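Pull up the model and get comfortable with it for a moment. Then let's walk through its empty spaces, its ligand and a couple of backbone oddities.

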Amino acid sequence: MDFRSDNVSGAHPAVLEAIAAANHGTAAAYGDDDWTRRLARRFADLFERPVTVMPVATGTAANALALATFTPPWGSIFCHAGAHINVAECGAPDFYSGGARVVAIDGAHGKLPPAAVEAAIHREGDVHANQPAAISISQATEIGTLYRAEEIGALAEAARRHRMIVHVDGARFANAVASAGKSAAALTWKAGVDALSFGATKNGCLAAEAIVLFSEPPPERAAELAWRRKRGGHLISKSRFLAAQLEAYLADDLWLRNARHANAAARRLASGLERALGVAPAEPVEANEIFIALGAPVAKTLRTAGFLFHDWPGIGEGGARLVTSFDTSDEAVDALVAAAGRARG
Ligand SMILES: Cc1ncc(COP(=O)(O)O)c(C=O)c1O
């Protein structure tokens with residue numbers, strides 16, 4: 001009955017089993033272990049090309065370290081106003097880059113319009129001004145919508161015109177891939193993405209994300225990223241346990257199966273609420289988040305009945321954010337819908 005976030009779920013049993021299985025004997029520390037070595041092959045298979053992959057324990061670290069690797073202290077990072085890097089990372093990208101500026105831009109459906117990014121670039125080449133360095137998008141977006149591959153491609157073209165890189169905050173990348181029905185490659189490097197924060201914690205890991213670099217030439221950037229990760233305090237000594245989580249997450253498409261479940265639960269919830277309340281979600285439900293004006297009395301009744309969710313101002317009376325997860329049950333969804341219907345009367 002907890003729809004506050006996908007972070008409120010525990011870890012998937014297969015992930016916990018993989019951690020337990022890795023918990024035998026000794027292994028070299030700091031990523032010089034078999035589990036971490038195998039990740040390179042796993043991610044190369046997933047992305048249909050060699051990539052640099054570096055595990056970290058939080059999404060904030062993944063975003064900040066990936067962006068810092070491509071952004072000088074005098075650089076600008078363009079993102080949507082609602083982006084996690086702008087509103088929920090306590091300035092980590094600014095900090096890890098040594099002072100770069102995050103530039104927030106509005107856009108419909110949680111997406112960054114390429115023209116608005118280019119319009120926000122001022123005084124390129126002027127030594128007195130911050131210089132364009134990166135575009136960062138969230139996929140799925142912060143309001144549960146998706147960027148199509150063509151939309152990413154258009155942003156990448158704008159980025160190239162100003163010698164910027166494209167970074168994807170993929171805290172919900174699995175939900176996006178599962179929903180789009182496109183390959184991980186099609187939604188990243190084939191569309192012009194240079195760096196991805198490949199999220200896993202929200203979708204079944206205990207604490208594991210991977211920074212994935214696609215750019216050519218990778219060796220210098222990979223080395224830089226490695227030093228940044230250590231200097232930033234994110235090189236985990238017992239790294240085998242991070243890698244073991246990611247290995248289990250990718251094995252047998254667990255990541256996609258989990259995401260499909262969460263996405264299906266969100267669709268079930270959205271259509272159920274629409275039927276029960278006669279109110280459509282404020283944004284298309286394309287991943288595992290629903291933003292909907294429940295009406296103040298319904299929101300209050302649901303809370304009193306023990307349903308947990310976040311208020312979401314700005315989308316109407318009783319605005320709420322409801323997030324589903326890999327372990328959200330149909331029973332919980334149906335119970336919320338039924339309670340909403342009763343509350344409406
Ligand atoms: C879009 C997005 N990016 C990144 C993160 C990473 O967060 P954390 O540093 O808490 O793992 C989150 C978590 O809520 C998120 O929603």
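What follows is a short tour that begins at the ligand site and ends in the loops.

Keep in mind throughout that this is a predicted model. A good place to start is the largest pocket, whose volume comes to about 530 Å³. Thirty is the count of its lining residues, and those closest to the pocket centre are H84, E142, A171, R172 and K202. If you'd like to see which helices take part, look at α3 (59-70) and α4 (84-87): each of them gives at least two residues to the lining. The largest share comes from α3, with three residues. As for the chemistry of that lining, the split is ten nonpolar, twelve polar and eight charged residues.

So what is in there? The ligand sits in this largest pocket. Around the ligand you'll find N7, T58, G59, T60, N63, H84, E89, E142, D169, A171, R172 and K202. Notice that H84, E142, A171, R172 and K202, the residues closest to the pocket centre, all turn up again in that shell. Helix α3 matters for the count here too, as the largest share of the shell, three residues, comes from α3. Sorted by class, the shell holds one nonpolar, six polar and five charged residues.

Now zoom in on some individual contacts. The side chain of T60 has a polar atom 2.5 Å from an oxygen atom of the ligand. At K202, an N or O atom of the side chain is 2.7 Å from a ligand oxygen. With G59 the backbone does the work instead: one of its polar backbone atoms is 2.9 Å from an oxygen atom of the ligand. And how much of the ligand does the protein bury? On its own the ligand exposes 390 Å², and the protein buries 78% of that.

Leave the pocket now and look for enclosed space. Rolling a probe the size of a water molecule over the atoms shows where empty space is left. Searching the whole structure turns up one cavity of 30 Å³ or more, and the largest cavity holds about 30 Å³ of space. Its lining is made of G31, T36, P55, R229, L235, S239 and L242. By class that gives three nonpolar residues, three polar ones and one charged one.

Finally, the backbone. Most residues other than glycine have a negative phi, and most peptide bonds are trans. Two spots in this model are worth checking against that. Where is the cis peptide bond with omega of about -5°? It joins Q139 and A140, and A140 belongs to the loop between β4 (131-138) and α7 (149-161). The other spot is E48, which is not a glycine but has a positive phi of about 60°. You'll find E48 in the loop that runs between α2 (34-47) and β1 (52-56).

Definitions and conventions. Residues are numbered from 1 along each chain as its sequence is written. This is a predicted model: local features need pLDDT of at least 70, side-chain atom pairs count only at pLDDT 80 or more; totals for chains, interfaces and linings use all residues. Side-chain values use heavy atoms; hydrogens and water are left out. On a 1 Å grid over the protein atoms alone, a cavity is a set of points where a 1.4 Å probe fits but cannot get out, and a pocket is an open set with protein on both sides within 12 Å along at least five of seven lines; lining residues have an atom within 4 Å of a point. Grid points are joined across faces, edges and corners, and a volume is the space filled by probe spheres set on the points. Helices (H or I, at least four residues) and strands (E, at least two) are DSSP runs, numbered from the N terminus. Ala, Val, Leu, Ile, Met, Phe, Trp, Tyr, Cys and Pro count as nonpolar, Asp, Glu, Lys and Arg as charged, and the others, Gly among them, as polar. A residue is near a molecule or strand if one of its heavy atoms lies within 4 Å of it. A polar contact is a pair of N or O atoms within 3.5 Å; within protein, one must be able to donate a hydrogen and the other to accept it, and residues adjacent in sequence count only if both atoms are side-chain atoms. Accessible areas come from the Shrake-Rupley method with a 1.4 Å probe; for residues, only the protein chains shown count as cover. A molecule sits in a cavity or pocket if more than half of its atoms lie within 2 Å of its grid points.
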